[in-house]
Amino acid sequence: MYEGVVQDLIDELGHLPGIGPKSAQRIAFHLLAADPADIARLQDVLGKVREGVQFCEICGNVSEQQQCRICRDVRRDTSQICVVEEPKDVLAVERTREFKGRYHVLGGALDPLSGIGPDQLRIRELLTRIGGEEVTEVIIATDPNTEGEATATYLVRMLRDFPGLAVTRLASGLPMGGDLEFADELTLGRALSGRRAL
């Protein structure tokens, strides 16, 4: 245990996802040794992230404007919507360069044990979008884990009532229990191009 503000910094860094106690300690001591100009830039960026980043009013992706760059792009295919859990998953699919449609970010996955039900996700907004736009296919690209599969099953049930709507799921190639953000471009691209109807 360190004294005062150093321990506070380590504790706060340890709350970040993927940062354990040892990593938090290494980062804290790196920051203590860093140039004051570097620390000032980091503080400035953290302040701007909190104030300047919002969520796209259409898809829920992170954006600096009311609509993200993908929703503003008129070249994107509006008949396809790829449903993902988090904004980081949009970037994972975009890296494949296989998908030319638009996205819908749910903001998580169904997890009743953690108190996350359909009302905590952006499912209602998805249904409104499909009812108001000329969407012919919804690609469900939730993570291939228990919560992602439960979310996909729930969405399939909700989307069955839309006439002429094809509901597909990413094909095999992604490991069960994995996250989209950690899949390489080739595996994720193959999974996207080989998706199957549910």
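How many helices and strands does the protein have? It has 8 helices and 7 strands. Keep in mind that this is a predicted model.

Overall picture. The chain has 198 residues, and 39% of them count as buried. Along the principal axes, the C-alpha atoms fill a box of roughly 65 × 35 × 35 Å. Take the contacts with a sequence separation of 6 or more: 56% of them join residues 24 or more positions apart.

Let me begin at the N terminus, with helix H1. H1 covers residues 4–14, and its buried residues are Gln7, Ile10 and Leu13. Look at the spacing. An α-helix has 3.6 residues a turn, so residues three or four places apart point the same way. The arc fits that picture. The buried residues of H1 cover only 125 degrees around the axis, which puts them on the same side of the helix. What do they pack against? Helix H2, residues 21–33. Turn H1 over, and on the other side Val5 and Glu12 are exposed.

Now the helix I want to spend time on, H7. H7 runs from residue 146 to residue 159, 14 residues in total. At 1.5 Å a residue it should span 20 Å, and its end C-alpha atoms are 20 Å apart, so expectation and model agree.

Which residues of H7 are buried? Gly148, Thr151, Ala152, Leu155, Val156 and Leu159. Down the axis they fall within an arc of 140 degrees, so they line one face of H7. Several elements cover that face. Among them are strand E3 at 80–84 and helix H6 at 123–132. Strands E5, 137–140, and E6, 166–169, also belong to the cover.

Let's take the H6 partner in detail. The axes of H6 and H7 are 11 Å apart, and the helices pack at an angle of about 35 degrees. The crossing is right-handed. On the H6 side, the contact is made by Ile123, Leu126, Leu127 and Ile130. On the H7 side, Tyr154, Leu155, Met158 and Leu159 contribute. By class, that contact has 8 nonpolar residues, no polar ones and no charged ones. Leu155 and Leu159 appear on the buried list of H7 and in the contact with H6.

One residue of H7 deserves a closer look: Gly148. Gly148 has 0% relative accessibility, so it counts as buried. What does it touch, beyond residues up to four places away in sequence? Glu85, Ala109, Thr142, Asp143 and Arg169. For a sense of distance, take Val167. Gly148 and Val167 are 19 residues apart in sequence, and their C-alpha atoms are 15 Å apart in space.

Two loop residues to finish. First, Ser79. Ser79 sits in the loop between helix H4, residues 69–72, and strand E3. Is Ser79 buried or exposed? Buried: its relative accessible area is 17%, and the cut-off is under 20%. Leaving aside neighbours within four places in sequence, Ser79 is in contact with Glu134, Val135, Thr136 and Glu137.

Second, Arg97. Arg97 belongs to the loop between helix H5, 87–94, and strand E4, 102–105. Its phi is positive, about 60 degrees, although Arg97 is not a glycine. Arg97 is exposed, with a relative accessible area of 67%.

To recap H7. Its buried residues line one face, and H6 is among the elements that cover them.

Technical notes: Residues numbered from 1 in each chain as written. Predicted model: local features only at pLDDT ≥ 70, side-chain atom pairs only at ≥ 80, totals over all residues. Heavy atoms only, no water. Helix = DSSP H or I, 4+ residues; strand = E, 2+ residues; numbered from the N terminus. Expected span 1.5 Å × (residues − 1). Buried < 20%, exposed > 50% of the residue type's maximum accessible area, 1.4 Å probe, protein only. Arc of directions from axis to C-beta. Contact = heavy atoms within 4.5 Å. Axes fitted to C-alpha atoms, helices over the stretch in contact; angles between N-to-C directions. Left-handed = near helix turned anticlockwise from the far one by under 90°. Nonpolar A, V, L, I, M, F, W, Y, C, P; charged D, E, K, R; others polar.
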